[in-house]
Amino acid sequence: MKEIKVTDIEGIKIGNAQDEGGGTGCTAIICEEGAWAGVDVRGGGPASRETELLKPVNMAQQIHCVMLSGGSAFGLEAGDGAMQFLEEKGIGFDVGIGVVPLVCGASLFDLVVGDPKCRPDKAMGYEACKNAGGEISGGNRGAGTGATVGKFLGPDRMMKSGLGTYAVEIGDVQCGAVVAVNALGDITDMYSGEKIAGILSPDGTEIMDTCEIMYEEIGKEKNVFTGNTTIGCVITNAKLTKDQANKLASIAHNGYAKTISPVHTSADGDTIFVMATGKVDVNPDSLGALATEVMARAIMDAGRSAEAAYGLKSSRDL
């Protein structure tokens, strides 16, 4: 197994755009030739775009972009910028009189940092697409600009998270993940068990365990909607059917479960997309195990690459 950059995956371009002062941004993952795609939504509070067309019974077999964004449901507008960008290049589903780019997406809730009136819009989505190609930066960039974790006790105890990536190559098979981690829960190193980022102690010097705190308050009614959701995309050059891509998205949620605790709560909109360029043969079960690992590693990268911002500490500060 050889570690590669996620931007090394054949046929894929990735770009970020953000408003650092406003505390939000978006990340465009583009496949100009079209990618076989799937999705699995596990969280109870999703904000999503065009997930219905990814059901195997529906006609479209390939998509051209996944847009990950901040801004809650307002941020779904960033996908319109991707549609404009791709249409201008003649990329999309041929409808006879032109093309309709197929752009799926999901948004996380980052309105509690920066300026709550600043949200990814069509212009920002277009900019992210223009920036696609070459390497990308993680941490406080793109959809991870306003991402935070550890929010069960409110904004005063949460930490800064961000955008994470990880990718590997085994023989001819390439598999990677891009993820913006904005969870209610904590990020944990799946190998050491160490807390990377999460809910802070009252004095802000160490990371506590969100689950343990939740157990102590199990009998209390509590509004925990302080801005959540982890959204990501598994990217591979493998040959997959639409059914297999959807199954792979489901399996990749195991990467969430290995590194985020708690995960898939009613206040999270946890979503994973899959984009497969269809270049090389693969054993789908082996790819599922690999996708789980790369997603988990991307989540850990999101926690470790984030920088302190908006008055919040990051993993680097502890």
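## Helices H4 and H5

At what angle do the axes of helix H4 and helix H5 cross, and within what distance do they come? In this predicted model, the axes of H4 (residues 242–259) and H5 (residues 284–305) cross at roughly 40° and come within 7 Å. That makes H4 oblique to H5, and the crossing in which H4 passes H5 is right-handed.

Here is who meets whom. The H4 side of the contact consists of Gln244, Leu248, Ile251, Ala252, Asn254, Gly255, Tyr256, Lys258 and Thr259. On the H5 side are Pro284, Leu287, Gly288, Ala291, Thr292, Met295, Ala296, Ile299 and Met300. By class, the residues of this contact of H4 with H5 comprise 11 nonpolar, 6 polar and 1 charged.

## Helices H1 and H2

Now for another helix pair. Helix H1 (residues 78–88) packs on helix H2 (residues 122–130) at an angle of about 50°, and their axes are 6 Å apart. H1 is therefore oblique to H2, and H1 passes H2 in a right-handed crossing. From H1, the contact draws on Ala78, Asp80, Gly81, Ala82, Gln84, Phe85 and Glu88; from H2, Lys122, Gly125, Tyr126, Cys129 and Lys130 take part. These residues of the contact of H1 with H2 divide into 5 nonpolar, 3 polar and 4 charged.

Let us zoom in on one member of H1, alanine 82. Is alanine 82 buried or exposed? Alanine 82 has a relative accessible area of 0%, so it is buried. Its C-alpha lies 5.4 Å from that of tyrosine 126, although the two are 44 residues apart in sequence. Beyond its neighbours within four places in sequence, alanine 82 is in contact with Gly125, Tyr126 and Cys129, and also with Cys65, Met67 and Val103.

## Glutamate 33 and its partners

Glutamate 33 sits in strand E3 (residues 24–41). With a relative accessibility of 63%, glutamate 33 counts as exposed. Which residues does glutamate 33 touch, once those up to four places away in sequence are set aside? They are Gln62 and Lys279. The side chains of glutamate 33 and lysine 279 are joined by a polar contact of 3.0 Å.

There is a sequence-distant pairing to point out here too. Glutamate 33 and threonine 277 are 244 residues apart in sequence, yet their C-alpha atoms are 7.9 Å apart in space.

## Asparagine 237 in strand E15

Asparagine 237 belongs to strand E15 (residues 231–238). Its relative accessibility is 2%, so asparagine 237 counts as buried. What does the side chain of asparagine 237 reach at 2.9 Å? That partner is the backbone oxygen of aspartate 172.

Leaving out residues up to four places away in sequence, asparagine 237 touches Ile9, Asp172, Val173 and Gln174, along with Thr277, Gly278, Lys279 and Val280. Lys279 also appears among the residues that glutamate 33 touches.

## Valine 100 in strand E7

Valine 100 is part of strand E7 (residues 99–100). With 34% relative accessibility, valine 100 counts as partly exposed. Setting aside residues up to four places away in sequence, valine 100 touches His64, Met83, Gly92, Phe93 and Val95. As for arginine 49, which lies 51 residues from valine 100 along the chain, the C-alpha atoms of the two are separated by 15 Å.

## Backbone details to check

A few backbone torsions deserve a look in your viewer. Which peptide bond is cis, with omega near -10°? It is the bond from serine 261 to proline 262. Proline 262 falls in the loop between strand E16 (260–261) and strand E17 (271–280).

Two residues other than glycine have positive phi values: threonine 229, with phi of about 110°, and tyrosine 310, with phi near 60°. Threonine 229 is placed in the loop between helix H3 (210–216) and E15; with 3% relative accessibility, threonine 229 counts as buried. Tyrosine 310, in contrast, lies in the segment after H5 and is partly exposed, with a relative accessible area of 30%.

Conventions
Residues numbered from 1 in each chain as written. Predicted model: local features only at pLDDT ≥ 70, side-chain atom pairs only at ≥ 80, totals over all residues. Heavy atoms only, no water. Axes fitted to C-alpha atoms, helices over the stretch in contact; angles between N-to-C directions. Helix = DSSP H or I, 4+ residues; strand = E, 2+ residues; numbered from the N terminus. Parallel < 35°, antiparallel > 145°, perpendicular 65-115°, else oblique. Left-handed = near helix turned anticlockwise from the far one by under 90°. Contact = heavy atoms within 4.5 Å. Nonpolar A, V, L, I, M, F, W, Y, C, P; charged D, E, K, R; others polar. Buried < 20%, exposed > 50% of the residue type's maximum accessible area, 1.4 Å probe, protein only. Polar contact = N/O pair within 3.5 Å; in protein donor to acceptor, adjacent residues only side chain to side chain.
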